[in-house]
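Colleague: I would like to learn how to read a model like this one. Could we go through it together, feature by feature?
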Amino acid sequence: MIQVIYDEKEDEIIPVITCDVCNNRIEDVLNAVAVNQNVFDMGETPTKILHAHKGRCHDSAEAKIGKYAGWEELSAHLYYLCKNLGLTSQWFEARDRPQEKNDR
Ligand SMILES: [Zn+2]
């Protein structure tokens, strides 16, 4: 689940992904998965996604979805999500580039 929280360390409000099984924040993208019902009709029926930590949370998420559960690495899931939203590497580079001062 995507949520917004106050991060004390950074002293700011930030969006995070929490595990749909244990409700704790997913902080390591490489230790998490996106679980969904397998798509048998070429995507005509949208399916719900569960984000989960690897291990017990992943197993519980698959059990929740049922026998047709499928999954992918959370990193791959987020990559395709960004791509489908039009967020390219160039967009990220431009976003991270320091703002040029126009008031000289
Ligand atoms: Zn979890």
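Colleague: Let me start with one residue: is Asn-23 buried or exposed?

Modeller: First, some ground rules: this is a predicted model, where local features need pLDDT of at least 70 and side-chain atom pairs count only at pLDDT 80 or more, while totals for chains, interfaces and linings use all residues. Residues are numbered from 1 along each chain as its sequence is written. A residue is buried if 20 or more other C-beta atoms, placed from the backbone, lie within 10 Å of its own, exposed if 12 or fewer, and partly exposed in between. Asn-23 has 10 other C-beta atoms within 10 Å, so it is exposed.

Colleague: Where is Asn-23 found, and what is its phi?

Modeller: Most residues other than glycine have a negative phi. Asn-23 is not a glycine, yet its phi is positive, about 70°. It is found in the loop between E2 and E3. Those labels follow DSSP runs numbered from the N terminus: helices (H or I) have at least four residues, strands (E) at least two.

Colleague: Which strand forms a hairpin with E1?

Modeller: Two strands pair if DSSP finds at least two bridges between them. Here 6 bridges join E1 (residues 2–7) to E2, and the two run antiparallel. They form a hairpin with 4 residues between them. Tyr-6 stands opposite Ile-13 in E2. In the turn, Asp-11 has a positive phi of about 55°, and with 7 other C-beta atoms within 10 Å it is exposed.

Colleague: Why does E2 lie largely in the open?

Modeller: Of the 6 residues of E2 (residues 12–17), the number buried is 0, so this strand lies largely in the open.

Colleague: What is the strand order in the open sheet?

Modeller: The order is E4-E3-E5, with antiparallel pairing. E4 and E5 (69–73) are the edge strands, each pairing on one side only. E3 and E5 pair over 5 bridges, and Ala-34 stands opposite Glu-72 in E5.

Colleague: Which elements give two or more residues to the largest nonpolar core?

Modeller: A nonpolar core is a set of buried Ala, Val, Leu, Ile, Met, Phe, Trp, Tyr and Cys residues joined through C-beta atoms within 7 Å. The largest one has 11 residues, among them Val-33, Leu-50 and Ala-61. Strand E3 (32–37), strand E4 (49–53) and helix H1 (56–65) each give two or more. E3 gives the most, with 4 residues.
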